[in-house]
Amino acid sequence: MTGPGDRSGSDAARGVTAPGGGFRKGAFGVTGSGDTSGFGGLVRVEPGGAVALHSTERPYGGYFDEVTDALVEAVGQATYDAAVHRVLVDRGEITYFVAREHLLPLVQALRDDEALRFELCSSVSGVDYEDSGGPAATPGRPRLHVVYHLTSMTYRRRIRLEVAVTAEDPHVPSVTGVYPTADWQERETWDMFGVVFDGHPALTRILMPDDWDGHPQRKDYPLGGVPVEYHDATIPPPDTRRSYR
Amino acid sequence: MSTTYDPVDPYAGSYDTTEGRVYTVTGGDWDQTLGAEAYGEERLVVNMGPQHPSTHGVLRLVLDLEGETVTKARVVIGYLHTGIEKNTEYRTWTQGTTFVTRMDYLSPLYNEAGYCLAVEKLLGVEAPQRAQTIRVLVMELNRIASHLVALATFGMEMGALTGMTNGFRERELVLDLLEEITGLRMNHAYIRPGGLAQDLPEGAVEHIREFLAVMPARVADFHKLLTGQPIWQRRLKDAGYLDVTGCVALGVTGPVLRAAGLPWDLRKVEPYLGYQTYDFEVPTADTCDAWGRYLVRMAEVNESLKIVEQALDRLEPGPVMVEDKKIAWPAQLSLGPDGMGNSLDHVRHIMGQSMEALIHHFKLVTEGFRVPAGQVYVPVESPRGELGYHVVSDGGTRPWRVHVRDPSFVNLQATAAMSEGGMIADVIAAIASLDPVMGGCDR
């Protein structure tokens with residue numbers, strides 16, 4: 001979890017940290033020579049490092065402290081400590097990184113507790129933090145993240161839960177028992193990322209055809225494009241184009 | 001190529017080809033179907049769609065019927081999946097706008113606004129005041145157009161064909177305005193990260209005011225044509241029942257939730273783009289059925305007209321793109337004698353006056369700007385409900401992940417809850433009252 005020494009405080013506050021370096025500076029990726037374009041203060045993380053690995057310290061600010069206190073009270077300090085291994089406040093949004101074993105009691109409390117009342121599961125989506133190189137691509141790294149956005153209509157609050165699993169063991173308990181709306185969204189996440197939601201009533205593909213191979217939104221899914229000739233120029237398929245990293 | 005005919009099943013013969021085994025299904029084997037009698041004579045499985053005029057695009061329903069009563073409704077989607085979320089990962093942040101606008105094709109400006117608000121939140125910038133006001137203006141015009149299509153298709157599916165022709169006629173007025181403002185009737189790519197593609201053209205404000213003068217009478221015509229009509233009422237009342245508990249459990253938002261009595265409108269409860277400063281009501285109904293949803297949409301058209309008028313009144317001259325030249329799209333468009341093109345002033349500036357401007361133009365157009373790493377979730381109130389953008393950046397010039405919580409996708413899950421136990425004719429009413437757009441649902 002060591003970042004480079006020149007990391008500025010504001011970047012840390014934004015949550016821009018990655019394990020073992022993997023940083024680039026500058027708006028246009030220019031280093032060494034004079035960066036005439038300015039914006040040289042921008043620190044970016046190498047692919048796969050989009051998730052900050054540090055934890056925000058209390059107080060979180062806003063209603064985040066109230067929600068966290070109510071959550072601790074609802075599930076008990078021991079369960080909370082075991083379930084939530086990291087909390088990140090970034091751009092006015094709070095993310096709880098949750099261990100999958102404890103996801104269900106947590107969402108049950110989040111929905112039912114009077115002080116929490118997250119009645120609406122707005123969105124369930126997957127993110128693949130896979131990378132082809134660098135420290136982020138360590139085998140066994142939990143690259144598949146399932147992200148839940150919960151909304152409290154009573155208190156007008158929003159929080160985010162994130163569960164990370166490895167591609168080798170992509171099992172996450174299904175929250176459809178608590179939030180029936182997660183049904184199709186979990187099917188989509190299975191379809192696109194290959195995350196298996198244990199306990200889902202009918203985990204089948206939803207957007208891709210039933211007999212499709214692979215999970216298209218994984219980063220290592222081959223796109224299979226062909227070069228296109230146009231006006232005597234050849235345009236390569238999207239995944240092999242110059243990418244300005 | 002070997003052609004060994006398989007004589008076992010005369011109605012589904014198969015033979016091997018170099019491409020694999022090929023089956024020829026001829027049907028006509030009803031008498032051989034085994035085990036059908038166990039389900040009783042009345043049970044009938046009807047496949048509706050995906051190509052059916054009253055399923056709102058390529059939506060497929062598999063209905064189990066007992067007589068005319070639906071005992072089970074299954075929804076099959078995915079026929080319009082185009083991989084837009086994946087595509088955005090291979091384009092710049094600016095190009096993302098042109099992709100997301102094509103998802104929910106009846107409310108393209110909401111897709112753009114939601115996406116751009118998410119990118120701006122990641123960047124930590126805010127569009128200038130004039131750009132925000134124009135965003136509200138075009139979004140509310142778009143809401144009117146979208147609701148008019150909802151009402152038009154509603155009419156068509158219920159057999160009120162004049163409702164359809166009127167709805168599409170009125171919508172055309174809005175599309176003409178949007179074409180004048182953005183250059184395109186649909187898929188505008190008008191709202192960009194940091195502001196707008198261009199300012200309002202001359203004459204647009206006057207034309208919008210003319211539209212505002214005409215439209216209330218057209219809405220009144222709609223009420224005369226449909227609202228008081230007994231057939232229309234009896235088709236819609238008590239059809240597709242879903243109460244607040246059901247809506248929240250199934251994640252249903254938008255007019256469907258408001259027709260169940262909960263005044264949940266993100267423009268009010270989590271205002272963005274200055275919606276808290278506009279004076280408008282959140283129409284609700286307490287009928288929980290298709291009739292209430294129809295009334296809510298009609299009332300929302302009127303509220304949107306109010307917002308458009310207020311937005312016009314508060315338009316102040318000013319920039320429509322952020323000042324930051326590291327983000328603002330550099331090219332300036334102008335209407336030349338040969339149609340739309342780059343502004344000559346801009347070309348003169350970058351070619352003759354400023355090397356910096358040329359570099360910025362080149363860099364931003366070819367590789368785009370970088371967005372600091374992180375993730376955000378930005379919801380906006382689209383005509384169909386909560387349209388949420390979960391956008392992840394790794395700090396590069398392309399999105400790492402764009403997930404769209406599309407209201408059509410989530411709301412369609414309520415089909416079974418709304419239809420099972422009812423008549424098959426009410427299935428059409430239930431789905432029409434959800435107003436799903438398959439482009440947004442399947443993305």
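How many of the 443 residues of chain B count as buried? The share is 51%, where buried means that 20 or more other C-beta atoms lie within 10 Å of a residue's own, exposed means 12 or fewer, and partly exposed covers what falls in between, with C-beta atoms placed from the backbone. In chain A, 38% of the 245 residues count as buried. Before going further, keep in mind that this is a predicted model, in which local features need pLDDT of at least 70 and side-chain atom pairs count only at pLDDT 80 or more, while totals for chains, interfaces and linings use all residues. Residues are numbered from 1 along each chain as its sequence is written, and chains are lettered from A and ligands numbered from 1 in the order in which they are written.

Let's start with the parts list. Chain A has five helices and 11 strands, and chain B has 17 helices and 12 strands. Helices here are DSSP runs of H or I with at least four residues, strands are runs of E with at least two, and both are numbered from the N terminus. Contacts tell you how each chain folds back on itself; two residues are in contact if their C-beta atoms, placed from the backbone, lie within 7 Å. In chain A, take the contacts between residues at least 6 apart in sequence: 55% of them join residues at least 24 apart. For chain B, residues 24 or more positions apart account for 66% of the contacts with a separation of 6 or more.

Now look at a sheet in chain A. Five strands form an open sheet in the order β3-β4-β7-β6-β5, with mixed pairing; two strands pair if DSSP finds at least two bridges between them. β3 (84-90) and β5 (120-128) of chain A stand at the edges with a single partner strand each, so one side of each has no neighbour in the sheet. From one strand to the next, the twist averages 20°, based on lines fitted to C-alpha atoms, with angles running from 0 to 180 degrees between N-to-C directions.

Zoom in on the β3 edge. β3(A) runs antiparallel to β4 (residues 93-98) of chain A, and six bridges join them. One of the pairs is V89(A) with I94(A), its bridge partner in β4(A). In the loop between these two strands sits R91(A), which has a positive phi of about 55° although it is not a glycine. R91(A) is partly exposed, with 15 other C-beta atoms within 10 Å. R117(A) makes a similar stop on the tour: its phi is positive too, at about 50°, and it is not a glycine. You'll find R117(A) in the loop between α4 (103-112) and β5 of chain A, partly exposed with 17 other C-beta atoms within 10 Å. For background, most residues other than glycine have a negative phi.

Over in chain B, β10 (374-382) is a good place to look. Nine of the nine residues of β10(B) are buried. G374(B), V376(B), V378(B), V380(B) and S382(B) point one way, while Q375(B), Y377(B), P379(B) and E381(B) point the other. A hairpin through two residues joins β10(B) to β11(B), and the two strands run antiparallel with nine bridges between them. P379(B), for instance, has G388(B) as its bridge partner in β11(B). Two of the β10(B) residues turn up again beside A118(B): leaving aside neighbours within four places in sequence, A118(B) is in contact with V376(B), V378(B), Y389(B) and V391(B).

A118(B) also belongs to the largest nonpolar core, which has 164 residues; V98(A), V119(B), V138(B), L141(B) and L242(B) join A118(B) as those with the most contacts inside it. Such a core is a set of buried Ala, Val, Leu, Ile, Met, Phe, Trp, Tyr and Cys residues joined through C-beta atoms within 7 Å. Helix α4 (residues 129-158) of chain B gives the largest share, 16 residues.

Finally, where do the chains meet? The contact takes 43 residues from chain B and 43 residues from chain A. Several elements of chain B supply at least two residues each, including α13 (355-366), β10 and β11, and β11(B) gives the most, with five.
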